[in-house]
Amino acid sequence: MDVVILPRLGVTMTSAIIVAWEKKEGDHVDKGELLVVIESEKATIDLESPYEGYLRVILVEEESEAQVGEPIAIIAAQDEEVDVGEVLRKWEVEKAVKEVGAIPAPAPANVVMPPPSKVKAAAPFGARVSPRVKKLAEELGVDLLAVAGTGPDGVITEKDVRAAAAGPAIKARVKLNQVRKAMSARMLSSWQNIPQFTQMATVNAVNLLRAKEGMEGVSINDLAVKAVADAAAKNPEVNSSFEGDTVTIYEDVNVSVAMATEQGLVVPVIKNADRKTVQEIGREIRGLQERAAAGQLTNEDLSGGTITVSNLGFYGVETGTPIINPPQSCMVFVGSIRKAAVVGEEEEIRVAPVLELSIAYDHRFIDGMTASRFTTGLKVELESIPH
């Protein structure tokens, strides 16, 4: 009998959603044959069976979440007796030994867990609440501390409690999938742990538009990624990451490109973008976009980024306040190209296409002067791009 566990497929992976079992219970499966599709925080992944035999028990159903190292199925001989309870007890023991070196005591038999207690209806300090209203709040699970009384002198009424229990009309409740969970965790970590500052610059986009027109099949985003890569290569302090007390400055310039998908935001990586042509970068981006839309990005596609570009100019967004993609130290936001009144070298006023850049930096080790060199360098790259 063999137990299939959820493997760790990346350093940060802690869990995954079981998307689809490719075999049903009772089916024979060969070693190396596709067994199950999972969705990790970064990608949808096909898992091959590590064993040959019959899929006797599916332990984690589709649309359910499993933790790394958790048993998700049992493969055994066709006529082998399978005691699921015994299998799970062994797994719990092995897990406990690995984690704390101790064997957990068996749970006492016939223990009935008490039902979850209802919300204790504590009244706000100084507020008057009748016993009847307090009882109603307990029944409806309403925290009276969060209720503003509308009765005389702030008395909380039955109507107040029922309104609090009803809450606003809800159209839908959407559970975060793994991609959005990962985005949520990373952005929260970035916001809480990285002191960030943003520099902004306005780019004369004349050459940028000419370059786009002169290169068939190339987009403004392709040109922006190339310019960021070239500017980062010339200002390596921003092509870096900060973890613990160590700053790592990279030789390779691997640009993470933010892409919105139906599953959520993903940031696949254009590796060594500074050594590639705009056309090569464009082809790679299109390929990654297709795989991202199909949920087929691999860990390799998503790993190794050293600096991130987010471009919402397609949607008419002129500027923004980017949040660093940790552990990277720099995030470039590219806005839309719009026409604006600019002052020429002869102090004449004319209309010209401009583009706004917003660049977020990790202020724990990047100072304003260092950041300014990159901000200005990127502006120069974009304004002098060949066409």
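Which residue in strand 4 is the bridge partner of Trp-21? In this predicted model, the bridge partner is Val-36.

## Strand 4 and its partners

Val-36 also has a bridge partner in strand 5, namely Leu-47. The strand that holds Val-36 is therefore paired on two fronts: strand 2 (residues 15–21) is joined to strand 4 by four bridges, and the two run antiparallel, while strand 4 and strand 5 (residues 44–48) pair in the antiparallel sense over five bridges.

Strand 4 (residues 34–39) has five of its six residues buried, so the rest of the structure largely encloses it.

## The four-stranded open sheet

An open sheet is formed by four strands in the order 1-8-6-3, with antiparallel pairing. At its edges stand strand 1 (2–5) and strand 3 (28–29); each has a single partner strand, so one side of each lacks a neighbour in the sheet.

Within this sheet, strand 6 (residues 53–58) pairs with strand 8 (residues 71–76) in the antiparallel sense, over four bridges. Opposite Tyr-54 stands Ala-76 of strand 8.

## Nonpolar cores

The largest nonpolar core has 67 residues, and the members that touch the most others are Ile-72, Val-332, Phe-374 and Leu-378. Helix 6 (residues 220–234) is the element that gives the most to this core, contributing nine residues. A separate core of eight residues lies apart from it and includes Val-133, Ala-137, Ile-156 and Val-161. As a general tendency, nonpolar side chains in soluble globular proteins are buried together.

Beyond its neighbours within four places in sequence, Leu-378 is in contact with Ala-227, Val-228 and Ala-231, and also with Val-332, Leu-357 and Ile-359.

## Helix 9

Helix 9 (residues 368–383) has 16 residues, which at 1.5 Å a residue should span 22 Å; the end C-alpha atoms are 22 Å apart, in agreement with that expectation. At the start of the helix, a side-chain oxygen of Asp-367 comes to within 3.2 Å of the backbone nitrogen of Met-369.

The buried residues of helix 9 are Thr-370, Ala-371, Phe-374, Thr-375, Leu-378, Glu-381 and Leu-382. Because they cover an arc of only 135° around the axis, they lie on the same side of helix 9. The elements covering these buried residues include helix 5 (206–214) and helix 6, together with strand 9 (196–204), strand 16 (307–311), strand 17 (330–343) and strand 18 (349–362).

Note on methods. Residues numbered from 1 in each chain as written. Predicted model: local features only at pLDDT ≥ 70, side-chain atom pairs only at ≥ 80, totals over all residues. Heavy atoms only, no water. Core = buried A, V, L, I, M, F, W, Y, C linked by side-chain atoms within 4.5 Å. Buried < 20%, exposed > 50% of the residue type's maximum accessible area, 1.4 Å probe, protein only. Contact = heavy atoms within 4.5 Å. Pairing = 2+ DSSP bridges. Expected span 1.5 Å × (residues − 1). Arc of directions from axis to C-beta. Polar contact = N/O pair within 3.5 Å; in protein donor to acceptor, adjacent residues only side chain to side chain.
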